[in-house]
Amino acid sequence: TAELVETARKWFNWNPGGGNFGNIHPKPFVVPSTPEAEAVFRELRAFSRDQRAMLGDVLGSLWVRAAENARKLALLYACSENFGEAAVVTVDAAEWACTLTQYLVRRQCWDVSRFVARNQTESDALEMRRLIAGYGAKGITGKQLLSRTRHLKKRDREDILQALVDERAIDVEVIKTLGRSTKVYKTIQR
């Protein structure tokens with residue numbers, strides 16, 4: 001940790017512009033990027049543009065700043081590798097930053113698709129989908145589902161379940177017993 005503190009102190013005290021007025025009118029140092037690193041950033045920018053077009057307004061908007069965020073991460077990587085004017089954004093820094101950025105934005109898209117809705121009906125459907133998925137491969141019985149979704153009206157619950165079946169998000173298995181048959185709802189794995 002002493003080495004980390006010393007590195008932070010060096011960066012804090014570094015004044016690339018120099019001079020008496022360096023604190024008032026700083027001259028920032030621009031960390032250069034290799035041509036190979038720039039090519040990696042261009043690939044991410046093109047990929048982000050394609051994702052925005054494919055995913056539409058809501059999820060696509062999460063890709064708007066992906067290239068910018070990757071550049072910031074690559075800058076941190078470069079400055080962690082080399083101090084001061086020796087810092088350069090290399091292809092390794094760019095690839096690491098772009099890979100991490102893609103993972104994080106994809107994760108955001110996944111979270112948004114599971115939790116963000118335009119209205120109450122969509123919100124209830126997302127909640128039902130998460131509930132069924134939470135029971136894994138064994139599924140959730142109709143009785144358990146009723147117990148966990150008592151806040152919904154019967155008609156709304158049935159409509160949501162039918163919509164999820166129609167869009168092939170869930171499957172319904174009817175299990176015959178000696179008495180009444182039991183419905184089991186399971187997420188369809190893709």
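Leu-44 is buried, with a relative accessibility of 3%. Its place is helix 2, which spans residues 35-60. Leu-44 and Lys-154 are 110 residues apart along the chain, and their C-alpha atoms are separated by 47 Å. The model is predicted.

**Charge on helix 2**

Arg-45 also belongs to helix 2. Its relative accessibility is 35%, so it counts as partly exposed. Together with Arg-42, Arg-49 and Arg-52, Arg-45 forms a positive patch on the surface.

A patch of negative charge is present too. Glu-43, Glu-81, Asp-92 and Glu-95 gather there on the surface. Of these, Glu-95 sits in helix 4, residues 91-115. Glu-95 is partly exposed, at 40% relative accessible area.

**Salt bridges**

The structure holds nine salt bridges. Three of the pairs are set out below.

| Pair | Closest N to O | Location |
|---|---|---|
| Glu-38 and Arg-71 | 2.6 Å | helix 2 and helix 3 |
| Glu-173 and Lys-186 | 3.0 Å | strand 2 and strand 3 |
| Arg-155 and Asp-159 | 3.4 Å | both in helix 7 |

Glu-38 and Arg-71 meet in a salt bridge. This pair links distant parts of the chain, 33 residues apart. Glu-38 is partly exposed at 22% relative accessibility, and Arg-71 is partly exposed at 29%.

Glu-173 and Lys-186 join through their side chains in a salt bridge. This pair, too, links distant parts of the chain, here 13 residues apart. Glu-173 has a relative accessible area of 34% and is partly exposed. Lys-186 is partly exposed at 24%.

Arg-155 and Asp-159 are four residues apart in helix 7, about one turn of the helix. Arg-155 is exposed, with a relative accessible area of 58%. Asp-159 is partly exposed at 38%.

Elsewhere, salt bridges form a network that links Arg-65, Glu-68 and Lys-72.

**Cysteines**

The whole structure contains zero disulfides. Cys-79 is in no disulfide, and its nearest cysteine sulfur, that of Cys-98, is 16 Å away. For Cys-109 the nearest cysteine sulfur is likewise that of Cys-98, 16 Å away, and Cys-109 is in no disulfide. Cys-109 counts as buried because its relative accessibility is 10%, and the cut-off for buried is under 20%.

**A backbone detail**

Arg-168 has a phi near 60°, a positive value in a residue other than glycine. Arg-168 lies in the loop between helix 7 (154-166) and strand 2 (170-175).

Notes
Residues numbered from 1 in each chain as written. Predicted model: local features only at pLDDT ≥ 70, side-chain atom pairs only at ≥ 80, totals over all residues. Heavy atoms only, no water. Patch = residues over 30% accessible without salt bridge, like charges linked within 9 Å, V, L, I, M, F, W, Y side chains within 5 Å. Areas by Shrake-Rupley, 256 points an atom, 1.4 Å probe, with all protein chains shown as cover. Salt bridge = Lys/Arg side-chain N within 4 Å of Asp/Glu carboxyl O. Lys, Arg positive; Asp, Glu negative; His and termini not counted. Charge placed at Lys NZ, Arg CZ, Asp CG, Glu CD. Helix = DSSP H or I, 4+ residues; strand = E, 2+ residues; numbered from the N terminus. Buried < 20%, exposed > 50% of the residue type's maximum accessible area, 1.4 Å probe, protein only. Disulfide = S-S within 2.5 Å.
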